[in-house]
Number of protein chains: 2
Amino acid sequence: MVVDQLSPAPEKDLELDRLFQALADATRRDIVARVTAGEYSVSGLAALYAMSFAAVQKHVAVLERASLVTKEKRGREQIVRGNHDGLQKARHLLDEFEMIWRQRAARIGDILAEDDERDLP
Amino acid sequence: MVVDQLSPAPEKDLELDRLFQALADATRRDIVARVTAGEYSVSGLAALYAMSFAAVQKHVAVLERASLVTKEKRGREQIVRGNHDGLQKARHLLDEFEMIWRQRAARIGDILAEDDERDLP
DNA sequence: CTGATCTACAACCATTTGGTTGTACGATAC
DNA sequence: GTATCGTACAACCAAATGGTTGTAGATCAG
């Protein structure tokens, strides 16, 4: 019974909480997209948005805690880069949901097939 | 320039905000997994968790607003079912990030290849 | 050295979130 | 009918979020 392998009580998965929480903001998603494609300093990012430097700094911190982004000091700047692992972890969970969904669809298909068999001689 | 096609200012995408926000809670992820695999009434779901009925009711409402779940009245019960579309929308965004990432990796690969060519006669 | 830049972090504020309890109402069971 | 079940919704509360301003420490340019 594959279904019951799912967490019976929702084990508190702080990691996924932070991951999806981090993605639940348009500014942060934009930052992820940008630093995935290239490198930005924190102030370089801050220049892109209509909010204070400190606000962007906080967004980057949220992304960092969620393992979606890494920071590396270079001179007096802090370079922000995309972290592939975090994205893949999120994708992986959604893929699992997708699998459960397909298994369910297949099961429904089987039941219909059984009904057909019963109807046949 | 594929990179610059990305939202210059983060267009406020309420839909994705709600989607990821909804997934940023372990209880709600568990609900999604369960109703994706089968059918549950709201009270049926509430029986699974160590919190009040009203709390679960709110979680279901959040999932419904995020298009991850649908409710349908049946007798005096409200049946909750998984909504495939919402999940696919989230997967789609992460897939886009994945594509950007791969393009970047390919670009870096090209640069290295160019360097190699320059080094050769 | 002086001044400008980039960053970190604290303090504060308004709003949202995740939970509670309590009340009310339609549908079902007896 | 009455009692019970499943639901909806309001009011309330503590904590987290998303933003601000202000202050202070490194690092670089002149």
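Which polar backbone atom is 2.6 Å from a phosphate oxygen of DNA strand C? A polar backbone atom of A:Ser43 is at that distance from the phosphate oxygen, and the views below start from this contact. The structure is a predicted model, in which local features need pLDDT of at least 70, side-chain atom pairs count only at pLDDT 80 or more, and totals for chains, interfaces and linings use all residues. Residues are numbered from 1 along each chain as its sequence is written, chains are lettered from A and ligands numbered from 1 in the order in which they are written, and side-chain values use heavy atoms, with hydrogens and water left out.

**View 1. The protein surface near DNA strand C.** Among the 20 residues around DNA strand C (a residue is near a strand if one of its heavy atoms lies within 4 Å of it), those that come nearest are A:Ser43, A:Gln78, B:Ser52, B:Lys58 and B:His59. Sugar or phosphate accounts for 62% of the strand C atoms within 4 Å of the protein, and bases for the rest. Polar contacts (pairs of N or O atoms within 3.5 Å; within protein, one must be able to donate a hydrogen and the other to accept it, and residues adjacent in sequence count only if both atoms are side-chain atoms) include one between a phosphate oxygen and an N or O atom in the side chain of A:Gln78, at 2.5 Å, and another between a phosphate oxygen and a backbone N or O atom of A:Val42, at 3.3 Å. Two or more residues of this surface come from each of helix H3 (42-46), H4 and strand E3 (77-82) of chain A, and from H4 of chain B; helices (H or I, at least four residues) and strands (E, at least two) are DSSP runs, numbered from the N terminus.

**View 2. The protein surface near DNA strand D.** Of the 20 residues around DNA strand D, A:Ser52, A:Lys58, A:His59, B:Ser43 and B:Gln78 come nearest, and 60% of the strand D atoms that come within 4 Å of the protein belong to sugar and phosphate. A base oxygen of strand D lies 3.3 Å from a polar side-chain atom of A:Arg76, whereas side-chain N or O atoms of B:Gln57 and B:Lys71 are found 3.2 Å and 3.4 Å, respectively, from a phosphate oxygen of the strand.

**View 3. The interface between chain B and chain A.** Contact (heavy atoms within 4.5 Å) joins 45 residues of chain B to 45 residues of chain A. The buried area, which is the accessible area (1.4 Å probe) that two parts lose on being put together, summed over both, is about 3900 Å², with carbon and sulfur atoms giving 62% of it. In chain B, the residues that lose the most area to chain A are B:Arg29, B:Phe97 and B:Trp101, together 16% of what that side buries. Six salt bridges are counted between the two chains, a salt bridge being a side-chain nitrogen of Lys or Arg within 4 Å of a carboxyl oxygen of Asp or Glu; one of them pairs A:Asp17 with B:Arg29, whose closest N and O atoms are 2.8 Å apart. Helices H1 (14-23), H2 (26-37) and H5 (84-119) of chain B each give two or more residues to the side that touches chain A, and H5(B) gives the most, with 14 residues.

**View 4. The surroundings of B:Arg104.** This residue lies in helix H5 of chain B. B:Arg104 counts as buried because its relative accessibility is 14%, where buried means under 20% relative accessible area, exposed over 50%, and partly exposed in between (1.4 Å probe, protein chains only). Leaving aside neighbours within four places in sequence, B:Arg104 is in contact with A:Val35, A:Thr36, A:Ala37, A:Gly38 and A:Glu39.
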